[in-house]
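Please look over the following notes alongside the sequence and the model; they concern one residue and several charged pairs.

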Amino acid sequence: MDCDQTDSGKEDASIAFKALKRRLEARSLIAPSLRKKIFGWYVRVAAVLFIPVLIFSLARYIDNQNESDIHWIEKSVSYGDIQKIILPDGTSVWLNAGSTIVYPDSFNSDVRQVFFDGEAYFDVCKGSSPFQVNTKGNLVKVMGTSFNLKAYRDDPNIDLSLFEGSVAFVPKTASESGPIEVVLSPGEYISYECESGK
């Protein structure tokens, strides 16, 4: 009887061990497989997102480097005076009394951009990049030309007279389809009321 009980106990232990082994194998097959799938999914998502994030970060870094290299110059003319300024691209600007212009020490970007308050006569040199004058939130796009711009901060109007070439006036008010652009031909004049948008 001892032998039967021992054999029976061994068989029961063997069956229990095999059952335990099957459960452990099943767990080890499912869990690592699921973990591998989830990890693989994360790796794919990270790989897909890595390149755009890298490109975006590099572009931001380059933009910040370019912006940090630009030094802005501000020129103001006192009342009762007129002053001629030559911009880095060779453009001549005659500033009238009480006028201020802010421009970079060099035009490195795709747009030659200046900020202006007051009255001035511009004789813009033709260049590969467009020339833009920002005044009171409005924009004058210039295509190699000469014009007079009057846009004093305290004046409710902006007056633009074109002598040569072509300019486009883009008011800060925008229609549903986008900004309105008024293109002037030589000899034309525009007066824009900033508050009403007329």
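**Notes on Thr 100 and three salt bridges**

1. The side chain of Thr 100 makes a polar contact with the side chain of Ser 76 at 3.0 Å (N or O atoms within 3.5 Å, one able to donate a hydrogen and the other to accept it; residues adjacent in sequence count only if both atoms are side-chain atoms). This is a predicted model, in which local features need pLDDT of at least 70 and side-chain atom pairs pLDDT 80 or more, whereas totals for chains, interfaces and linings use all residues. Residues are numbered from 1 along each chain as its sequence is written, and side-chain values use heavy atoms, without hydrogens or water.

2. Thr 100 is buried, at 17% relative accessible area (buried is under 20%, exposed over 50%, partly exposed in between, with a 1.4 Å probe and protein chains only).

3. The structure holds four salt bridges (a side-chain nitrogen of Lys or Arg within 4 Å of a carboxyl oxygen of Asp or Glu). In one of them, Arg 112 pairs with Asp 89, with the closest N and O atoms 2.4 Å apart; because Arg 112 lies in strand β5 and Asp 89 in the loop between β2 and β3, the pair ties together parts that are 23 residues apart in sequence (strands are DSSP runs of E, at least two residues, numbered from the N terminus). Arg 112 is buried at 5%, while Asp 89 is partly exposed at 23%.

4. Asp 117 forms a salt bridge with Arg 153, the closest N and O atoms being 3.5 Å apart. Asp 117 is buried at 12% relative accessibility, whereas Arg 153 is exposed at 61%.

5. Lys 141 forms a salt bridge with Glu 181 at 3.1 Å between the closest N and O atoms.

Definitions and conventions
Helix = DSSP H or I, 4+ residues; strand = E, 2+ residues; numbered from the N terminus.
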